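Please open the model in a viewer and keep the selection panel at hand. The tour proceeds by selection, one stop at a time.

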Amino acid sequence: MTPPRVSVWIPGDQLLLEHPALQAAAALTDRDHTRVVLVESAQRLTRLPYQRKKLVLLLSAMRHYVEELRAVGYTVEYRQAASVGAGLRAHVAAWQPQHLFTMATAEYSGRSFQQRLTHLLSTPVTVLPNTQFLTGRYDPFPQPRKKVVLENFYRAQRRRWGLLLDAQGEPLGGAWNFDQQNRKPLPRTGLAIPPPLAFAPDALTQQVMAEVAALPTGVGRVDGFDLAVTRQEAEAAFDDFLRHRLANFGPYEDAMSQRSAVLFHALLSPYMNIGLLDPLAMARRAEAAYHAGLAPLASVEGFIRQIVGWREYIYWQYWRQMPGLLTANSWRHTRPLPGFFWTGATPMHCLHRVVNRVIDLGYSHHIERLMVICNFCMLAGIDPAAVNAWFLTFYVDAYEWVVTPNVIGMGLNADGGQTATKPYIASANYIHKMSDYCADCPFNPKARTGDDACPFNVLYWNFLLEHEATLRANPRFGPAVLGLKHLTPAERTTIRRQAAAFLATLSAE
Ligand code: FAD
Ligand code: SF4
């Protein structure tokens with residue numbers, strides 16, 4: 001009997017070597033009767049004016065992945081088409097498969113599209129469970145009825161995967177969390193910051209850079225692209241992090257500096273999010289680095305918390321809250337995003353440096369995303385959907401499943417507190433303590449009002465005044481509101497007046 005003709009469609013952010021759809025095809029037929037198809041969709045590439053370095057990463061990694069599959073014996077079609085649907089229809093018309101396998105995408109709209117594929121292609125389609133995350137990989141996707149907080153979610157992951165546990169199944173070091181030892185500002189001198197590995201673009205990447213530079217829309221520049229585009233390069237970047245930055249990851253994970261965008265962070269999310277690195281394998285290698293004496297427990301626990309805690313929790317929140325999350329706006333904020341988010345042209349030095357960093361690199365680390373960008377947007381009452389679109393546009397690691405819960409849920413607290421139990425808002429005091437930005441700023445981080453008062457202070461106190469009753473009712477935020485009792489009526493009036501004047505200067509142009 002002739003083996004059946006089978007297709008495997010691999011979306012561009014699923015560049016796994018052990019891809020479930022490849023495995024399902026292998027169980028049904030042989031390599032000669034299998035065609036793997038990847039589609040580069042013009043519609044998808046220009047849905048937003050994406051960061052050009054992100055497009056280079058994605059397209060170059062897809063094309064290198066095609067080479068990787070061919071090297072192990074697959075026949076692969078790389079189709080450039082107006083849309084994914086058009087590319088798949090053309091593939092099916094040419095190859096006429098009896099069955100098509102694919103893996104569920106990480107994103108809501110992608111899964112809806114996959115559910116319609118059998119009808120669209122007039123071919124039987126099997127959509128296999130997504131294996132890029134630990135959540136839902138082997139167990140059913142958890143659907144608890146009661147509210148879940150990150151800490152419980154994280155501990156369950158540690159126990160489920162046996163990470164950093166002693167022989168009794170209790171956490172190594174006697175604690176689940178070493179935050180007290182972490183969260184330090186960077187010392188002014190005496191601490192070398194090893195830069196992340198840079199990868200010179202090969203001929204294929206250079207070709208992609210030229211194509212992306214010629215696209216009609218996009219932010220940032222292709223020049224200076226130095227990210228990993230193959231699995232081997234991504235592994236080398238991870239190895240470099242384990243050896244040179246993991247040890248200091250914990251203490252300086254919240255520090256911000258003009259000296260370096262990455263500091264002791266991993267810069268690995270761009271690769272994890274397209275399937276070049278596996279989260280569980282990474283967590284196990286970080287644990288092995290601890291046992292090998294490469295890094296202290298507080299740093300390794302902090303890193304594993306990000307990978308198996310925060311990342312998975314965010315993915316879980318996304319699926320729990322979609323599709324309503326996209327339009328959630330529980331603080332009813334409607335102000336347009338100021339124009340300086342596209343240019344970096346603002347006298348507020350922290351925002352100026354971080355926005356320029358994001359335009360140049362498509363990267364800033366977590367605390368700059370949360371406590372500079374989102375903090376400002378929250379205090380200024382910016383429309384959450386506009387902030388969400390900005391993050392999706394500008395970052396190299398941006399995909400809806402990770403941006404939307406982080407921005408709308410965590411950064412802007414617009415989901416009614418489902419992702420985070422309190423709004424992450426802070427005055428200039430926090431940025432001054434954790435960064436070196438304020439030293440070069442025309443504003444005074446210590447002044448609450450007055451001509452040189454930092455806008456973060458004016459907006460922060462104005463926010464507390466505007467939302468006093470709501471914030472007082474939040475047990476995690478209550479103490480901050482207590483500070484309001486020290487304000488005289490005259491100070492309250494001045495804060496409101498100055499905040500209104502500052503907000504009036506924000507222009508969407
Ligand atoms: P590290 O700080 O070194 O952390 C290690 C890894 O932990 C990251 O690579 C990432 O995979 C994971 N991680 C840590 N925190 C989170 C989190 N909250 N959500 C998901 N993964 C996490 N992450 C993205 O991958 N893409 C985004 O577009 C993105 N947008 C964000 C927007 C906002 C407003 C906030 C607050 C966070 C966002 N994050 C996003 C999460 C986090 O900021 C980035 O994953 C991290 O900064 C990536 O850099 P890194 O690899 O150096 O991370
Ligand atoms: Fe940012 Fe205010 Fe510090 Fe200036 S003074 S860098 S605006 S926090």
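**Loop between H7 and H8**

Begin by selecting Leu-164, which belongs to the loop between H7 and H8. The model is predicted, and the torsion angles and accessibilities quoted on this tour are to be read accordingly. Display the backbone of Leu-164: its phi is near 50°, a positive value in a residue other than glycine. Most residues other than glycine have a negative phi. Is Leu-164 buried or exposed? Its relative accessible area is 1%, so Leu-164 is buried.

Stay in this loop and select Leu-186, which also lies between helix H7 (150-161) and helix H8 (203-213). Leu-186 has a relative accessible area of 15% and is therefore buried, since the cut-off for that class is under 20%. For a distance across the model, add Tyr-271 to the selection: 85 residues separate Leu-186 and Tyr-271 along the chain, and 27 Å separates their C-alpha atoms.

**Two further backbone stops**

Select Asn-413 next, in the loop between helix H18 (400-411) and helix H19 (428-434). Although Asn-413 is not a glycine, its phi is positive, at about 50°. With a relative accessibility of 6%, Asn-413 counts as buried.

Then move to Met-322 and Pro-323, and show the peptide bond between them. What is the configuration of the bond that joins Met-322 and Pro-323? The bond is cis, with omega about 5°. Most peptide bonds are trans. Pro-323 is part of the loop between helix H13 (297-321) and helix H14 (340-343).

**The strands**

Turn now to strand E4, residues 99-103, and switch on the side chains. How many of the residues of E4 are buried? The count is 5 of 5, and the strand is mostly covered. From E4, His-99, Phe-101 and Met-103 point one way, whereas Leu-100 and Thr-102 point the other way.

Add strand E1 (residues 6-9), which runs parallel to E4 and is joined to it by 4 bridges. Two partners can be picked out: Val-6 is paired with His-99 of E4, and Val-8 is paired with Phe-101 of E4. In E1 itself, Val-6 and Val-8 point one way and Ser-7 and Trp-9 the other way, and all are buried.

Extend the selection to strand E2 (residues 34-41), which is parallel to E1 and joined to it by 4 bridges. The bridge partner of Val-6 in E2 is Thr-34. Val-6 thus serves as a point of reference, with partners in E4 and in E2.

Next, add strand E5 (residues 125-128): E4 and E5 run parallel and are joined by 4 bridges. Here Leu-100 stands opposite Val-125 of E5.

Before leaving this region, select Thr-118 in helix H6 (residues 117-121). Thr-118 has a relative accessible area of 38% and is therefore partly exposed. Its C-alpha atom is separated by 9.5 Å from that of His-99, 19 residues apart along the chain.

**Ligand 2**

Hide the strands and select ligand 2. The space that this ligand takes is the largest cavity. Which residues surround ligand 2? Display Met-348, Cys-350, Ala-428, Ile-431, Tyr-437, Cys-438, Cys-441, Phe-443, Pro-445, Cys-454 and Phe-456. Colour this shell by class: it has 11 nonpolar residues, no polar residues and no charged residues.

**The whole protein**

Finally, return to the full view. The protein has 23 helices and 5 strands. Along the principal axes, its C-alpha atoms fill a box of roughly 90 × 55 × 45 Å. How does the radius of gyration stand against that of a compact globule, and why do the two agree? For 509 residues, a compact globule would have a radius of gyration near 23 Å, and the protein has 24 Å, which agrees. Colouring by accessibility completes the view: buried residues make up 58% of the 509 residues.

Key
Residues are numbered from 1 along each chain as its sequence is written. Chains are lettered from A and ligands numbered from 1 in the order in which they are written. This is a predicted model: local features need pLDDT of at least 70, side-chain atom pairs count only at pLDDT 80 or more; totals for chains, interfaces and linings use all residues. Side-chain values use heavy atoms; hydrogens and water are left out. A residue is near a molecule or strand if one of its heavy atoms lies within 4 Å of it. On a 1 Å grid over the protein atoms alone, a cavity is a set of points where a 1.4 Å probe fits but cannot get out, and a pocket is an open set with protein on both sides within 12 Å along at least five of seven lines; lining residues have an atom within 4 Å of a point. A molecule sits in a cavity or pocket if more than half of its atoms lie within 2 Å of its grid points. Ala, Val, Leu, Ile, Met, Phe, Trp, Tyr, Cys and Pro count as nonpolar, Asp, Glu, Lys and Arg as charged, and the others, Gly among them, as polar. Buried means under 20% relative accessible area, exposed over 50%, partly exposed in between (1.4 Å probe, protein chains only). Helices (H or I, at least four residues) and strands (E, at least two) are DSSP runs, numbered from the N terminus. Two strands pair if DSSP finds at least two bridges between them. The radius of gyration is taken over C-alpha atoms; the globule rule is 2.2 Å times the number of residues to the power 0.38.
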